[in-house]
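Hello, and thanks for sharing this one. Please have a look at the model below, and then at my notes.

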Amino acid sequence: MQLAHIQQLEQAVAQHKAEIIHHPLYRNITNIDDLKVFMEHHVFAVWDFMSLLKILQKNLTCVEIPWFPTGDANTRYLINEIVTGEESDVDHLGNRKSHYELYLEAMEQCGANTTAILQLTKALKEGKSIQDALVIANAPEAAKHFVSDTFNVINHATPAVQSAVFTFSREGLIPDMFISIIKDLDTQFPENISIFRYYLERHIEVDGGHHNNLALEMTSTLCGDRFAIWQEATQAVNRSLQLRVKLWDSALKTIIQQKNQSPKEISKPS
């Protein structure tokens with residue numbers, strides 16, 4: 001593994017990563033209404049993560065007919081194992097479900113609005129461009145920029161850069177403080193928060209551990225010892241992290257506005 005290159009990339013993106021991990025958004029989520037706002041922003045990142053994952057599978061394995069062995073067998077194994085876990089994991093009842101579908105179920109349980117993300121995917125199924133679909137869905141502006149950048153990486157970046165963005169800007173960004181907040185809310189309102197708590201715990205168990213190690217190995221293999229590729233990857237990761245900070249800024253601004261309009265200690269579940 002290209003440990004020196006990985007360490008250099010991690011150092012270069014450390015500031016933006018720290019901004020996400022220590023963002024004031026988390027401590028401002030004090031009730032279910034706040035959590036709804038967070039989820040209505042975050043769901044766009046949960047969804048486009050799957051598209052980033054699938055472009056890697058498409059580029060690194062053969063998904064065409066007739067089939068031919070494509071690329072390095074070890075890299076094929078790495079991406080296929082991640083896809084299996086993300087696309088067909090188990091939910092809180094033991095049923096097979098993608099992490100995105102589990103997230104939608106968690107949103108529905110707590111009363112978050114799924115209209116925007118469902119309108120986005122509906123428009124895309126009808127053949128609309130990603131830009132038009134985001135407008136049709138009336139997605140938050142920060143979500144539009146975040147998803148647009150992801151699809152720019154999907155449509156124009158090399159597999160090495162795609163893998164770096166997947167590995168360094170999308171995993172391991174949930175701080176312990178946020179987990180504690182969700183546990184507290186789940187204790188008060190288990191009928192509204194339990195699925196989201198399961199999603200987070202499953203995310204940490206699978207994505208933050210085993211999948212992160214697989215993704216590191218995949219990125220290291222694809223970037224190799226090519227300095228220019230690592231530089232390009234670093235720029236793409238930093239850009240993605242900056243846009244994640246702006247997505248969190250947007251959620252925080254909405255939460256504060258909501259609190260100012262109707263201040264409550266703890267909202268009752270809807």
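Here are a few points on one serine, one helix and one pocket.

1. A word on the basis: this is a predicted model, in which local features need pLDDT of at least 70 and side-chain atom pairs count only at pLDDT 80 or more, while totals for chains, interfaces and linings use all residues. Numbering runs from 1 along each chain as its sequence is written, and side-chain values use heavy atoms, leaving out hydrogens and water.

2. Take Ser-98, in the loop between strand S2 (96–97) and helix H4 (99–110); helices (H or I, at least four residues) and strands (E, at least two) are DSSP runs, numbered from the N terminus. Ser-98 is buried, at 7% relative accessible area (buried is under 20%, with a 1.4 Å probe and protein chains only). Beyond its neighbours within four places in sequence, Ser-98 is in contact with Glu-86, Glu-87 and Ser-88 (heavy atoms within 4.5 Å).

3. Helix H3 covers residues 73–87, and its end C-alpha atoms are 21 Å apart, in agreement with the 21 Å expected for 15 residues (1.5 Å times one less than the number of residues). Among the buried residues of H3 are Leu-78, Ile-82 and Glu-86.

4. Ser-98 also helps line the largest pocket, together with Trp-47, Met-50, Ser-51, Lys-54, Glu-87 and Tyr-100. On a 1 Å grid over the protein atoms alone, a pocket is an open set of points where a 1.4 Å probe fits, with protein on both sides within 12 Å along at least five of seven lines; lining residues have an atom within 4 Å of a point. Helix H2 (residues 32–60) gives the largest share of this lining, four residues.

Key: Buried < 20%, exposed > 50% of the residue type's maximum accessible area, 1.4 Å probe, protein only.
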